[in-house]
Amino acid sequence: MAGSAVRRLLAEYKQLTLNPPEGIIAGPIDEDNFFEWEALITGPEGTCFEGGVFPAKLIFPRDYPLSPPKMQFTCEMFHPNIYSDGRVCISILHAPGDDPMGYESSAERWSPVQSVEKILLSVVSMLAEPNDESGANVDAAKMWRENRDEFNKIAERIVRRTLGIPA
Amino acid sequence: MPLSRFDRVPLPNLKTYTFLSVLALSGCVYFAKEAIKDPDWNIQDKVQHQNSRQRDETFNISSANDTSDSERSLKQWVSDMSAVMTREPICVWVLINMAICWLILVGRCIQRMVFGDLRVSEHQHLKDKFWNFVFYKFIFVFGVINVQYVEEVLLWCSWFALLGFLQLIAQLAKDRFEYLSFSASTPIWSHVKLMGLLTGIFVISSFMLLVAIFVGYFIGFNTFAFMSAEVILLSIRTLHVILRYGLHLYDIRTEDASGVNPTSPSGSEKVWEKRGPITYYTELVFELSALSIDFLHHIHMLLWSNIFLSMASLVICMQLRYLFQEMQRRIKKHRNYLWVRNHLEQNYPMASSEELSENSDNCAICWENMDCARKLPCGHLFHNTCLQSWLEQDTSCPTCRFALSIQNPSSSRMDAPPHDLQQDNQQPIRRELNHFFHFDGSRYVSWLPSFFVEVRPPQLMRTSDVQNSQLDAMGRQVQQLFPNLPLSTIVDDLRNTRSVEVTIENVLDGRLVAPSIFHERNDHASSPSSSTVLPQSSVPSPSAPSSSSSTRWEAANPVETEDNVAGRFSKSPEERERILHKRMEHLIQTARKRYIDKQHSSTETHS
Ligand SMILES: [Zn+2]
Ligand SMILES: [Zn+2]
């Protein structure tokens with residue numbers, strides 16, 4: 001039922017507001033639709049995405065938290081685990097049933113004990129350490145493996161763009 | 001823009017349509033008036049007119065004796081006019097058109113008053129529903145009952161027009177209710193208006209049912225069945241939405257109450273536990289009855305249309321097939337529900353009050369307080385209803401992924417994606433083997449994520465529930481001595497040793513080590529090996545800026561801006577939205593500033 005989903009989302013929103021993890025903000029941008037959130041994620045320090053603030057959209061299903069939300073970056077991204085349209089491909093966002101890549105164990109996948117906060121922190125760690133086995137963006141995965149300098153340059157450009165700083 | 005033009009042409013805007021309809025009607029009225037002026041207008045149909053006249057007179061005598069001459073003539077005039085207009089086919093069509101126009105105007109008024117502007121999806125939904133309805137009723141009128149007379153067609157059409165109108169409004173109300181249920185904050189009066197509309201639809205549809213019974217009493221059972229089927233469906237669906245809506249409002253209300261006083265929802269908690277099955281069964285009854293009535297209605301139509309190979313029966317057969325599959329799906333889902341419920345009740349006891357008081361956490365599924373809970377063999381507690389809905393789609397503990405020995409009757413997972421079903425049937429062993437250690441990082445530091453590590457050799461997996469709970473009890477014994485060891489690690493060792501003493505020895509000798517994650521958490525210097533591990537250093541910490549220049553900036557910008565917005569969760573949605581917006585702006589500005597400063601400092605050091 002949507003009622004219990006709203007209650008849980010409200011609780012998560014409250015927790016994320018009162019006790020926010022560093023560099024992460026998330027919440028429903030328009031409370032008329034509590035099932036669509038916007039999030040800002042700061043690129044982890046010491047990585048090529050350092051300093052950038054990446055906006056993303058989270059779409060929750062009606063039976064949340066039984067099913068995972070969908071997450072999509074709304075800025076340009078270049079990362080082995082992010083599709084070119086911004087959709088994020090990490091195991092925590094996959095329902096236990098589906099396994100698009102066929103390599104994940106069900107333990108890493110979605111379960112109701114996960115939360116928005118845990119998803120966003122997983123995404124931060126994904127930014128820090130791409131998993132180049134999952135080929136959401138094959139070009140990015142290849143470049144990450146073979147030409148790290150070029151990858152860093154692109155990441156740098158994206159970071160600048162998210163901050164609105166001309167290159 | 002040929003497309004938009006095409007969109008516009010078949011549907012002229014309402015103003016012109018109303019204007020044209022009124023114009024046509026007044027034309028007809030004028031025509032009728034002119035016709036009456038001619039004294040010989042009723043010569044062709046004297047008998048009929050005489051009849052009506054006689055009826056008029058008897059009516060007048062019986063009713064009262066104070067009818068004045070002018071009133072009488074007005075009545076005469078009206079009856080003459082209508083006689084002319086119903087005789088002339090063009091006028092009849094104009095009248096019908098006018099009626100439709102009225103219906104549309106009324107619909108528009110309701111939309112303005114209750115719904116305001118329609119959302120795009122609602123609009124689309126409405127359009128689909130409308131054409132669908134027109135299509136099916138066309139098939140019904142001309143393909144199934146195969147009407148012969150224009151009057152019959154007109155009667156059926158007006159009946160269906162009214163019904164379709166109500167159905168569209170009901171659909172709109174349902175869509176809007178679902179939309180409103182997405183929102184955490186809706187002004188109460190919009191609920192009231194929507195609820196009022198739904199009740200109105202329900203009342204009108206009940207009235208229409210009475211009309212159908214009345215008509216059926218005189219004409220016959222088949223007509224009654226055809227007329228009433230859709231009406232009953234409409235009232236069932238409307239009632240269903242009303243009930244769901246009421247429940248939703250109740251939910252929202254309890255949420256508000258618990259928001260004010262979060263520590264004492266003991267009364268509502270009990271209701272919540274009982275509420276689950278009640279909601280479920282109401283849903284089930286409503287869905288199944290709607291489906292079966294629809295099904296019977298279609299069968300009735302199929303039998304009635306005696307030409308079995310007509311286009312109409314083909315369409316009906318397709319619809320029948322769909323309805324049948326829906327019913328099957330629903331029943332399978334229900335069997336799964338029953339199965340899971342029985343399994344829960346037979347295998348997992350309710351937690352005792354000591355266990356509940358020991359466990360201070362909320363239910364991990366809904367994040368709400370637990371006053372009564374069910375306990376899984378791994379020791380995790382959940383609300384009964386929460387656990388039930390999770391286990392209907394998965395067979396492991398949500399917290400630790402402990403695989404429960406739920407082997408559903410193979411057919412009962414139709415609602416899950418088909419490949420999931422296949423997987424379950426083909427690889428039951430693989431599923432059982434997925435025992436993992438779970439580290440819930442947020443229990444220690446709020447921002448630490450959770451990870452899972454496989455800790456057991458696969459050949460030791462097949463244990464029954466009884467054994468599991470024994471192991472669990474033993475594990476808790478050991479854990480009392482070594483509270484910083486995770487329970488699952490201990491249980492895993494116990495599975496090998498089968499003895500508390502040996503396991504304790506193992507721990508003391510250092511043979512039983514906590515999974516690697518624990519070391520990583522304690523030892524920051526070692527770089528994490530698993531990709532799901534979040535390196536602590538990776539989270540930027542604006543509170544401890546690395547460069548001096550950024551501190552300068554923090555001083556220049558009043559720090560209050562962040563204090564103002566952070567650490568507060570407003571009760572009003574508007575304020576929450578504003579604060580969220582502000583915080584986001586602030587984060588971007590800070591990051592931008594820091595980036596520029598860093599760039600400056602790095603160029604300075606380079607030069
Ligand atoms: Zn719960
Ligand atoms: Zn568990």
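**Legends to close-up views of chains A and B**

**View 1. Cys366(B), with a relative accessible area of 8%, is buried (under 20%; exposed is over 50%, partly exposed in between; 1.4 Å probe, protein chains only).** This is a predicted model, in which local features need pLDDT of at least 70 and side-chain atom pairs pLDDT 80 or more, while totals for chains, interfaces and linings use all residues. Residues are numbered from 1 along each chain as written, chains are lettered from A and ligands numbered from 1 in written order, and side-chain values use heavy atoms, without hydrogens and water. Cys363(B) is also buried, at a relative accessible area of 1%.

**View 2. The zinc ion (ligand 1) is held by Cys363(B) (SG), Cys366(B) (SG), His383(B) (ND1) and Cys386(B) (SG).** These donors (N, O or S within 2.8 Å of the metal, 3.2 Å for Na, K and Ca; water is not among the atoms) coordinate at 2.0 to 2.3 Å. Their spacing along the chain is C-x2-C-x16-H-x2-C. The four donor atoms around the zinc ion (ligand 1) subtend angles of 95 to 118°, so the arrangement is tetrahedral (four donors, all angles between 85 and 135 degrees).

**View 3. The zinc ion (ligand 2) is coordinated by Cys378(B) (SG), His380(B) (ND1), Cys397(B) (SG) and Cys400(B) (SG).** Coordination distances for the zinc ion (ligand 2) run from 1.8 to 2.3 Å. The donor residues follow the sequence spacing C-x1-H-x16-C-x2-C. With angles of 101 to 117° between the four donor atoms, the arrangement around the zinc ion (ligand 2) is tetrahedral. Cys378(B) has a relative accessibility of 9% and counts as buried.

**View 4. Four strands of chain A form an open sheet in the order β1-β2-β3-β4, with antiparallel pairing (at least two DSSP bridges).** β1 (24-28) and β4 (70-73) of chain A are the edge strands, each with a single partner, so one side of each has no neighbour in the sheet. Neighbouring strands of this sheet are turned by 20° against each other on average, direction ignored. β2 (residues 36-42) and β3 (residues 53-59) of chain A pair in the antiparallel sense over seven bridges. Thr42(A) stands opposite Val53(A) in β3(A).

**View 5. Helix α2 (residues 116-128) of chain A lies across β1, β2, β3 and β4 of chain A.** Helix α2 of chain A runs at about 40° to β2(A) (axes fitted to C-alpha atoms, for helices over the stretch in contact, heavy atoms within 4.5 Å; angles from 0 to 180 degrees between N-to-C directions). From the N terminus, the elements of chain A run α-β-β-β-β-α-α-α (DSSP runs: helices H or I, at least four residues; strands E, at least two).

Key
Tetrahedral: all angles 85-135°; square planar, octahedral: opposite > 155°, others 65-115°.
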